[in-house]
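Biologist: Hi, can you walk me through this one? I'd like to start with a single side chain and work outwards.

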Amino acid sequence: MSAILSDWLSQRLDRNADQPLYRQLHGLLQQAILTHALAAGARMPSSRLLARELGLGRNTVIQVYEQLTLEGYVTCSTGRGTFVVDTSPDEMVGGTAHVLRDASATKDERAVPRPLQTRTLPLSNRGHALVEGAGVSKRQWGAFMPGVPDVSRFPVRVWTRLHNTHWRRPRLDLMTYAPGGGLPALRQSLADYLRTSRSVRCAPEQIILTTGIHQSIDLAVRLLSDPGDTIWTEDPCYWGIRSVLQISGLRVRPIAVDAEGMAPSSDDLKHPPKLVLVTPSHQYPLGCVMSLARRRTLLEFAQRHGTWIIEDDYDSEFRYSSRPLASLQGLDETGQVIYVGSFGKTLFPGLRVGYIVVPESMADNFAVASAELYREGQLIQQAVLAEFIAAGHFTSHVRKMRALYASRRKVLLDAMHAEYGNQFAVAGGDAGLHLVMQLPDDVDDTRVAARALERGIVARPLSSYYSNRASARSGLLLGYACVPDEEIGPCFQTLANAIDSVCGGVR
């Protein structure tokens, strides 16, 4: 037995591999026991003998035997030796364990290793729907990925200096779970910023820190609705949020968007929803702004029917032809608007810090629920961000990036005009980090996007953002924020070739 096992192990141990010999030996013995190559009850070679035959240190073998004993693969008896444990699955019947064996099989037949059989259990219906309808891209950078800022311009030295200050003398209270709502210092800095820049009515206690807009909306949906309730969303809308809503068990009712924002029909108005999700300051993805009249109508409708409004203010800092617009929440007199935002566009997506502003009467409930569901942390990160805002670095960075993105937007518009003149309309071009190049409705924008991706260019098909495919428009979302000025023209030329390959030459 000892010689056979030693030969089997020697053939499989790779002394030049990166994995330590201890790990290899443990894995091989574990495999031999699970496949019954080492039968239950078999006596293992002594650690001294196995070490000598394999040319290993005895302590290595002892360590492996001890680990296998802890994991239940072998049992060690002083004076008797080390023996393989019967690891066959048990069936619990009436509280008594019965080994699952074929009673008609002989002892030798049961000892023959069986080929490992695996099977894939099906996803749930909502899990399948989520994966099948996922819009997330494998690429998150480069021309013309929408919604991604130029992270290369982030003031890393300033951030690192602030970060290092906290780690030189770390506060223990910043290394544990976050208190309900997040770090008070960051909530205070945010409240000051939102009041002055976005006209948001809030005290620090009304702000709940999250990992981003997805989590903020998920939290609001969980606390303010039940599965089966109806939520209105804009059509088209951001696919990621649509997925969050659908997996929460809500009935999503897409509402058409016109030049003034969400435009519910008379039939829609007869069936008030529990929630309404809107992007009033810069509709995603079309870029229109909800008019004041439409905002007031929506607020009055919500008040009359007890409807919650979730305002997604994802990139309103970047407006190029005018000052950033005031929030919808700032017009709310009855406390029925939930305001959400994040630092993903203004700083960098990997920061994963967002926030939700809730009515004062709901603040404690949201803080408790956030701590209960997500067990937040990242307090040192939050402390650094609080100082970054308080010291003026945040507003300075946003101001610089606004000028940079305005310049890149113009370069992209010029490239489009040089290729196609005024043949294709452009939407959403005066704000945000992307614009929409509209295509003729008989052009398959998903084919164009696929052809572009083959050439190394990301261009999101506009039609994929629509829930109602019958009314879907054809077009391409083109992000310009993370593309250097000198690369925009050549990259758009490559995209134009992809468009022409589908359209058969449109110029």
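Modeller: Sure. Keep in mind that this is a predicted model. Let's begin with Tyr-238, which is partly exposed, because its relative accessibility is 25% and that class runs from 20% to 50%.

Biologist: And Trp-239, buried or exposed?

Modeller: Trp-239 is buried, because its relative accessibility is 16% and the cut-off is under 20%.

Biologist: How do the rings of Tyr-238 and Trp-239 sit in their aromatic pair?

Modeller: There are 16 aromatic pairs in the model. Tyr-238 and Trp-239 make a tilted one. Their centres are 5.0 Å apart, with 55 degrees between the planes.

Biologist: Which residues form the aromatic cluster with them?

Modeller: Tyr-284, Tyr-314 and Tyr-465 join Tyr-238 and Trp-239 in one aromatic cluster.

Biologist: OK, new topic. How many cavities of 30 Å³ or more are there?

Modeller: Three. The largest cavity holds about 80 Å³ of space.

Biologist: What lines the largest cavity?

Modeller: Tyr-238 and Tyr-284 are in the lining, and so are Glu-234 and Asp-312, among others. By class, the lining has six nonpolar, two polar and two charged residues.

Biologist: Which strands supply at least two residues each?

Modeller: Strand E6 (230-235) and strand E9 (275-278).

Biologist: Now the pockets. What's the volume of the second largest one?

Modeller: About 640 Å³. It has 29 lining residues. Those closest to its centre are Gly-147, His-214, Tyr-238, Lys-345 and Arg-352.

Biologist: Tyr-238 again! What about the classes in that pocket's lining?

Modeller: The second largest pocket has 15 nonpolar, 10 polar and four charged residues in its lining.

Biologist: Back to E6. How does E6 run relative to E7, parallel or antiparallel?

Modeller: Parallel. Six bridges join E6 to strand E7, residues 251-258. To get from E6 to E7, the chain passes through helix H10, residues 239-247. This β-α-β crossover is right-handed.

Biologist: What stands opposite Glu-234?

Modeller: Ile-255 in E7.

Biologist: Where do side chains point in a regular strand?

Modeller: As a general rule, they alternate between the two faces of the sheet.

Biologist: Last one. How does E7 pair with E8?

Modeller: E7 and strand E8, residues 261-262, are antiparallel, with two bridges. They form a hairpin, and two residues lie between them. Asp-258 stands opposite Gly-261 in E8.

Notes:
Residues are numbered from 1 along each chain as its sequence is written. This is a predicted model: local features need pLDDT of at least 70, side-chain atom pairs count only at pLDDT 80 or more; totals for chains, interfaces and linings use all residues. Side-chain values use heavy atoms; hydrogens and water are left out. On a 1 Å grid over the protein atoms alone, a cavity is a set of points where a 1.4 Å probe fits but cannot get out, and a pocket is an open set with protein on both sides within 12 Å along at least five of seven lines; lining residues have an atom within 4 Å of a point. Grid points are joined across faces, edges and corners, and a volume is the space filled by probe spheres set on the points. Helices (H or I, at least four residues) and strands (E, at least two) are DSSP runs, numbered from the N terminus. Ala, Val, Leu, Ile, Met, Phe, Trp, Tyr, Cys and Pro count as nonpolar, Asp, Glu, Lys and Arg as charged, and the others, Gly among them, as polar. Two strands pair if DSSP finds at least two bridges between them. A crossover is right-handed if, with the strands pointing away from the viewer, the path from the first strand over the helix to the second runs clockwise. Rings of Phe, Tyr and Trp (its six-membered ring) pair if their centres lie within 6.5 Å; planes under 30 degrees apart count as stacked, over 60 as edge-to-face and the rest as tilted. Buried means under 20% relative accessible area, exposed over 50%, partly exposed in between (1.4 Å probe, protein chains only).
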